[in-house]
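Me: I'd like a close look at one part of this model, the kind of walk-through that shows what lines a site and what sits around it. Pick a spot and take your time.

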Amino acid sequence: MRRTAHKTLNSVSQNIESLRYNVAVAQIYELTHALSAALDKSGEGLDWAIREAAELLVQMIGPMLPHLGEDCWERLGYNTLLADQPWPQVEQALLVDDMITIAVQVNGKRRDELTVARNATKDEIEAAALKLDAVKRTLGDVRPDRVVVVPGRIANVVAKALLSSG
């Protein structure tokens, strides 16, 4: 929830500065839907994350819907004016995703994709790629000659026996 809220804050800030209000409003709607979905869940720290996201949401709508923003700010328990508050700061660490998705190919043809930690090593990516059902199906009994891994981009399983058999 925190990651979503801060990514939205970052995007909305950039779009307001670029005078792209419609895009900013659309992103605020997306955060509203994510916040609504989070209200149905439970977990350690989720209440705090929901509260932070609600405060950021109210601050983001303030410039475009000042009356609604002020009313929501008051309902959140503040006795100051929303208009007097500084624009919230984005936590840069929350903008970076911990997990990435990379394409997995067999002999240059895309077969699947793999979600791994951003800092996964080539060996970890190679092992995970070879465990994918789509890769196993394509290889059959053929042993791969090598696996070319470009971290953060792609894993290509090379099996020359498949090339010569058709």
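What follows goes through one helix, the pocket beside it, and then the salt bridges elsewhere in the chain.

Reply: Let's take helix α2 and the largest pocket. First, some ground rules: this is a predicted model, where local features need pLDDT of at least 70 and side-chain atom pairs count only at pLDDT 80 or more, while totals for chains, interfaces and linings use all residues. Residues are numbered from 1 along each chain as its sequence is written, and side-chain values use heavy atoms, with hydrogens and water left out.

Helix α2 covers residues 21-38 (helices are DSSP runs of H or I, at least four residues, and strands are runs of E, at least two, numbered from the N terminus). Its 18 residues should span 26 Å at 1.5 Å a residue, and the end C-alpha atoms are 26 Å apart, which agrees (the expected span is 1.5 Å times one less than the number of residues).

Which residues of α2 are buried? They are Ala-24, Gln-27, Ile-28, Leu-31, Leu-35 and Ala-38 (buried means under 20% relative accessible area, exposed over 50%, and partly exposed in between, with a 1.4 Å probe and protein chains only). Looking down the axis of α2, these buried residues fall within an arc of 105°, so they line one face of the helix (the arc is taken over the directions from the helix axis to the C-beta atoms). That fits the general picture: an α-helix has 3.6 residues a turn, so residues three or four places apart point the same way. On the other side of α2, Asn-22, Tyr-29, Glu-30 and His-33 are exposed.

Now the pocket (on a 1 Å grid over the protein atoms alone, an open set of points with protein on both sides within 12 Å along at least five of seven lines; lining residues have an atom within 4 Å of a point). The largest one has a volume of about 190 Å³ (grid points are joined across faces, edges and corners, and the volume is the space filled by probe spheres set on the points). Its lining is Val-25, Ile-28, Tyr-29, Thr-32, Leu-57, Ile-61, Met-64, Leu-65 and Leu-68. Helix α2 gives the most, with four residues, and both α2 and α3 supply at least two. By type, the lining divides into eight nonpolar, one polar and no charged (Ala, Val, Leu, Ile, Met, Phe, Trp, Tyr, Cys and Pro count as nonpolar, Asp, Glu, Lys and Arg as charged, and the others, Gly among them, as polar).

From the lining residue Ile-61 you can step across to Val-12: the two are 49 residues apart in sequence and 9.7 Å apart in space, C-alpha to C-alpha. Val-12 lies in helix α1 and is buried, at 0% relative accessible area.

Helix α3 also takes part in a salt bridge (a side-chain nitrogen of Lys or Arg within 4 Å of a carboxyl oxygen of Asp or Glu). Arg-2 pairs with Glu-52, with the closest N and O atoms 2.5 Å apart. Arg-2 is in α1 (residues 2-17) and Glu-52 in α3 (residues 46-61), 50 residues apart. Glu-52 counts as buried, at 14% relative accessibility. Arg-2 also forms a salt bridge with Glu-91 (2.5 Å, N to O). Glu-91 sits in the loop between α4 (66-75) and β1 (99-106), so this pair ties together parts 89 residues apart in sequence.

Terms used
On a 1 Å grid over the protein atoms alone, a cavity is a set of points where a 1.4 Å probe fits but cannot get out, and a pocket is an open set with protein on both sides within 12 Å along at least five of seven lines; lining residues have an atom within 4 Å of a point.
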